[in-house]
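Open the model in the viewer and keep the cartoon and side chains ready to toggle. The stops below go from one selection to the next.

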Amino acid sequence: MSDPKIPQDTPAKPRDIIVSSRHLATEEGWPSSEFEYGLILAYNGFARWMGRCTVAAGYSGLTTLEILVLHHIYHRSRKKRLSDICFQLNIEDTHTVNYALKKLQKAKLVEGEKVGKELFYSVTEEGSALCDKYREVREQCLVESLRHIENMPKDLHETATVLRTLSGLYDQASRAASSL
């Protein structure tokens with residue numbers, strides 16, 4: 001008996017492709033559905049890793065977004081505005097980043113400085129120490145493991161380039177979907 005929710009004209013799934021949502025895997029959509037499933041797994045693994053790495057570095061209670069914001073503010077030791085953080089991390093909802101900033105300030109990991117009408121954020125000594133310890137844990141637990149995978153640095157660079165390109169296509173598609 002066939003599943004009434006799956007269109008009968010949808011071709012059978014190739015055996016070597018794994019997707020998260022069969023109904024999204026149309027004839028042309030198999031590769032993107034397979035990629036999206038890999039992205040879901042990678043994102044959730046990455047989020048879990050960031051949380052556990054932060055705990056191993058000596059700090060608990062931060063969300064994935066708060067960890068990302070903290071590291072971005074620490075990046076290149078430059079003060080950042082809310083809009084800069086959102087732009088660089090490709091986050092549309094500034095309220096979530098603003099909430100993360102308030103929590104990081106309350107935790108004394110980040111501080112804000114008003115310059116004219118703008119508020120600029122920088123990491124505190126405690127925030128700096130946490131980011132440095134995070135890097136040490138990352139080197140020990142993750143980077144060391146990556147060294148044992150043949151050709152990994154080249155592959156990671158190419159993968160990162162593809163992911164950045166695809167993020168632009170997904171952004172463009174989201175704008176198109178908003179106009180429907």
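Start by selecting Arg 81 and Phe 120: in β3, Phe 120 is the bridge partner of Arg 81. This is a predicted model, in which local features need pLDDT of at least 70 and side-chain atom pairs count only at pLDDT 80 or more, while totals for chains, interfaces and linings use all residues. Residues are numbered from 1 along each chain as its sequence is written, and side-chain values use heavy atoms, with hydrogens and water left out.

Extend the selection to strand β1 (residues 80–81), which pairs with β3 in the antiparallel sense over 2 bridges. Strands pair here if DSSP finds at least two bridges between them; helices (H or I, at least four residues) and strands (E, at least two) are DSSP runs, numbered from the N terminus.

Stay on Phe 120 and add Glu 113, which stands opposite Phe 120 in β3. Now show strand β2 (residues 110–115) and strand β3 (residues 118–123) together; they run antiparallel and are joined by 6 bridges. Another pair to pick out is Lys 114 with its bridge partner in β3, Leu 119. β2 and β3 form a hairpin with 2 residues between them, and Gly 116 in the turn has a positive phi of about 65°.

Zoom out to the whole sheet. It is open, has 3 strands in the order β1-β3-β2, and its pairing is antiparallel. β1 and β2 are the edge strands, each pairing on one side only. Add helix α4 (residues 94–106), which packs on the sheet and touches β2 and β3; its direction makes about 110° with that of β2. Contact means heavy atoms within 4.5 Å.

Next, select helix α2 (residues 64–74) and helix α5 (residues 125–146). Their axes come within 10 Å and cross at roughly 100°, which makes α2 roughly perpendicular to α5. Axes are lines fitted to C-alpha atoms, for helices over the stretch in contact, and angles run from 0 to 180 degrees between N-to-C directions; 65 to 115 degrees counts as roughly perpendicular. On the α2 side, show Ile 67, Leu 70, His 71 and Tyr 74; on the α5 side, Gly 127, Ser 128, Leu 130, Cys 131, Asp 132 and Tyr 134. By class, this contact has 6 nonpolar, 3 polar and 1 charged residues (Ala, Val, Leu, Ile, Met, Phe, Trp, Tyr, Cys and Pro count as nonpolar, Asp, Glu, Lys and Arg as charged, and the others, Gly among them, as polar).

Which residues line the largest cavity? Select Thr 54, Ile 67, Leu 70, His 71, Leu 130, Cys 131 and Tyr 134. The volume is about 30 Å³, and α2 and α5 are the elements that give two or more residues to the lining. On a 1 Å grid over the protein atoms alone, a cavity is a set of points where a 1.4 Å probe fits but cannot get out, and a pocket is an open set with protein on both sides within 12 Å along at least five of seven lines; lining residues have an atom within 4 Å of a point. Grid points are joined across faces, edges and corners, and a volume is the space filled by probe spheres set on the points.

Finish at the largest pocket, which holds about 1800 Å³ of space. Of its 34 lining residues, Leu 39, Tyr 43, Phe 46, Leu 68 and Leu 163 lie nearest its centre.

Note on methods. Angles under 35 degrees count as roughly parallel, over 145 as roughly antiparallel, 65 to 115 as roughly perpendicular and the rest as oblique.
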